[in-house]
Amino acid sequence: MKIVKEALAGTAESSDLMVKIAPAAGELEIEIYSDVIKQFGDQIRRVVKETLAAMDVYEGLVIIEDKGALDCVIRARLQSAVLRACEAQPLRWEAFK
């Protein structure tokens, strides 16, 4: 999927996260800011990379502002932001099983 515009998903509330996505040519850049980065930073990055790969997103800027979200919340917020940023191009739902 191609990121064609900026998009947001999520909140800055406890146990949630804010995802910001923007177009960027040539590479995928992921920035993560979290209150629990020392304990869970590797896991957050892994979930983000896996979700983006499953959605065929390989270019763009992704900024995560985490407030202690669970993996399922990270995936859901990221999926929502990507769909908004891609202007709802057809999605291969079988990739999310």
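## Exercises on a predicted model

Cys72 has a relative accessibility of 48% and therefore counts as partly exposed. The structure is a predicted model, and the exercises below use values computed from it.

**Exercise 1. Classify Cys72 and Cys86 as buried, partly exposed or exposed, and state how many disulfides the whole structure has.**

Step 1. Recall the cut-offs: buried is under 20% relative accessible area, exposed is over 50%, and partly exposed is in between.
Step 2. Cys72, at 48%, is partly exposed.
Step 3. Cys86 has a relative accessibility of 2%, so Cys86 is buried.
Step 4. For disulfides, two cysteine sulfur atoms must lie within 2.5 Å. A search of the whole structure finds zero such pairs.

**Exercise 2. Describe how helix H1 and helix H2 cross, and which residues make the contact.**

Step 1. Locate the helices: H1 covers residues 37–54 and H2 covers residues 71–85.
Step 2. Their axes come within 10 Å and cross at roughly 40°.
Step 3. Because of this angle, H1 is oblique to H2.
Step 4. The crossing of H1 past H2 is right-handed.
Step 5. On the H1 side, the contact is made by Gln43, Ile44, Val47, Val48, Thr51 and Leu52. On the H2 side, the residues are Asp71, Ile74, Arg75, Leu78, Gln79 and Val82.
Step 6. Sorted by class, the contact of H1 with H2 has seven nonpolar, three polar and two charged residues.

**Exercise 3. Take Arg75 and find which residues Arg75 is in contact with, leaving aside neighbours within four places in sequence.**

Step 1. Arg75 is part of helix H2.
Step 2. With a relative accessible area of 34%, Arg75 is partly exposed.
Step 3. Beyond those neighbours, Arg75 is in contact with Val47 and Thr51.
Step 4. Arg75 and Thr51 are 24 residues apart along the chain, and their C-alpha atoms are separated by 6.3 Å.

**Exercise 4. Ala22 and Glu29 each lie in a strand; name the strand, the exposure class and the contacts of each.**

Step 1. Ala22 is in strand E2, while Glu29 is in strand E3, residues 28–34.
Step 2. Ala22 has 14% relative accessibility and so is buried. Glu29, with a relative accessible area of 37%, is partly exposed.
Step 3. Set aside neighbours within four places in sequence. Ala22 is then in contact with Ile3, Lys5, Glu6, Gly60 and Leu61, and Glu29 with Gly60, Leu61 and Val62.
Step 4. Consider separation along the chain and in space. Ala22 and Ala85 are 63 residues apart in sequence, and 7.3 Å apart from C-alpha to C-alpha. For Glu29 and Val62, the values are 33 residues in sequence and 6.2 Å in space, again C-alpha to C-alpha.

**Exercise 5. Ser15 and Asp56 are residues other than glycine with a positive phi; give the angle, the place and the exposure class of each.**

Step 1. Phi of Ser15 is near 70°. Phi of Asp56 is about 60°.
Step 2. Ser15 sits in the loop between strand E1 (7–10) and strand E2 (17–22). Asp56 sits in the loop between H1 and strand E4 (60–66).
Step 3. Ser15, at 46% relative accessibility, counts as partly exposed. Asp56, at 30%, also counts as partly exposed.

Conventions
Residues are numbered from 1 along each chain as its sequence is written. This is a predicted model: local features need pLDDT of at least 70, side-chain atom pairs count only at pLDDT 80 or more; totals for chains, interfaces and linings use all residues. Side-chain values use heavy atoms; hydrogens and water are left out. Axes are lines fitted to C-alpha atoms, for helices over the stretch in contact, and angles run from 0 to 180 degrees between N-to-C directions. Helices (H or I, at least four residues) and strands (E, at least two) are DSSP runs, numbered from the N terminus. Angles under 35 degrees count as roughly parallel, over 145 as roughly antiparallel, 65 to 115 as roughly perpendicular and the rest as oblique. A crossing is left-handed if the near helix is turned anticlockwise from the far one by less than a right angle, and right-handed if clockwise. Contact means heavy atoms within 4.5 Å. Ala, Val, Leu, Ile, Met, Phe, Trp, Tyr, Cys and Pro count as nonpolar, Asp, Glu, Lys and Arg as charged, and the others, Gly among them, as polar. Buried means under 20% relative accessible area, exposed over 50%, partly exposed in between (1.4 Å probe, protein chains only).
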